Amino acid sequence: MAIIAPSMLSADFLKLGAEIEMINNSDADWFHLDVMDGQFVPNISYGMPIIAQMKKVATKTFDVHLMIEHPERYLEDFKKAGADYLTVHYETGYHLHRTLTSIRALGMKAGLSINPHTPVDMVADIIHEIDLLLVMSINPGFGGQKFLPLTYNKIRRAKEIITAAGANTLIEIDGGVTLENAGDILAAGADVLVAGNTVFAAANPTAMIAQLKRAGK
Ligand code: DX5
Ligand code: ZN
């Protein structure tokens, strides 16, 4: 069954406590937390202080997605804030091997994300350093965008690379995931589904999470 990671970017921040409780009590597995700096992506979201506050009441894994330049400067800060998985972008790094090994050395799972234009083959040589490969299925920066179909080939290729290497890397898909495409995304080889708009714009978010959890089965 898929790992479901609702993206809190689409939550109602005026009732964040209630939204976290809803996720705690749902079939969701992780909290997906999007950090944006207005440089790497054209939007600014939230950072360590908010994540640290959320950690006090959340009962599930914190999957922190850094869409920021120079992420290597902040690894320890996000560990302190409560990150379990910490994902940096391929496009931000000259020394990704060092960054990924540093994330693990701090006791977190190391994630690497690739934008739609980045070939998935670029990660092959460091696949053993990556616990989570986050394949962006939109251009990052905003929730509620449309899933890019070119993602399917990338998922299949990522799966081949991981299998050939005998690695345990999970494949996560982020952007435009819906109940309609979830089955196809999982069939292509994905393990983790991020969903923002699909969950939080639903009439019943808890029921939507339950449906996503059962997608592709
Ligand atoms: C966008 C973020 C996503 C976003 C997904 O850059 O990385 O996590 O919240 O939102 P939806 O599921 O609405 O496309
Ligand atoms: Zn994200």
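This report describes the zinc site, the surroundings of ligand 1 and an aromatic pair in a predicted model.

## The zinc site

The zinc ion (ligand 2) is held by four residues, namely H32 through NE2, D34 through OD, H65 through ND1 and D174 through OD, at distances of 2.0 to 2.3 Å. Around the zinc ion (ligand 2) there are 6 donor atoms, and because the angles they subtend run from 70 to 170°, the arrangement is octahedral.

Along the sequence, the donor residues follow the spacing H-x1-D-x30-H-x108-D. Two of these donors link distant parts of the chain, since H32 belongs to strand β2 (residues 30-36) while H65 belongs to strand β3 (residues 61-67), with their positions 33 residues apart in the numbering.

## H32 and its partners

Is H32 buried or exposed? With a relative accessibility of 0%, H32 counts as buried, and H65, also at 0% relative accessibility, counts as buried too.

Besides binding the zinc ion (ligand 2) through NE2, H32 takes part in polar contacts with the side chains of other zinc donors. The side chains of H32 and H65 are joined by a polar contact of 3.4 Å, and a further polar contact, of 3.2 Å, connects the side chain of H32 with that of D174. H32 also faces ligand 1, for one of its polar side-chain atoms lies 3.3 Å from an oxygen atom of that ligand.

## The surroundings of ligand 1

There are 21 residues around ligand 1, of which S7, D34, G144, D174 and G196 come nearest. D34 and D174, which appear in this group, are also among the residues that coordinate the zinc ion (ligand 2).

Which residues place polar atoms by the oxygen atoms of ligand 1? One of them is S7, with a polar side-chain atom 2.7 Å from an oxygen atom of ligand 1, and another is G141, where a backbone N or O atom lies 2.8 Å from an oxygen atom of ligand 1. Taken alone, ligand 1 exposes 380 Å², and the protein buries 99% of that area.

## An aromatic pair

The structure holds 4 aromatic pairs. In one of them, formed by F147 and Y152, the ring centres are 5.2 Å apart and the planes stand at 50°, so this pair is tilted.

Both partners fall within the buried class: F147 has a relative accessible area of 10% and is therefore buried, whereas Y152, at 19% relative accessibility, still counts as buried because the cut-off is under 20%.

Methods
Residues numbered from 1 in each chain as written. Chains lettered and ligands numbered in written order. Predicted model: local features only at pLDDT ≥ 70, side-chain atom pairs only at ≥ 80, totals over all residues. Heavy atoms only, no water. Donors = N, O, S within 2.8 Å, 3.2 Å for Na, K, Ca; no water. Tetrahedral: all angles 85-135°; square planar, octahedral: opposite > 155°, others 65-115°. Helix = DSSP H or I, 4+ residues; strand = E, 2+ residues; numbered from the N terminus. Buried < 20%, exposed > 50% of the residue type's maximum accessible area, 1.4 Å probe, protein only. Near = heavy atom within 4 Å. Polar contact = N/O pair within 3.5 Å; in protein donor to acceptor, adjacent residues only side chain to side chain. Areas by Shrake-Rupley, 256 points an atom, 1.4 Å probe, with all protein chains shown as cover. Phe/Tyr/Trp six-rings, centres within 6.5 Å; stacked < 30°, edge-to-face > 60°.
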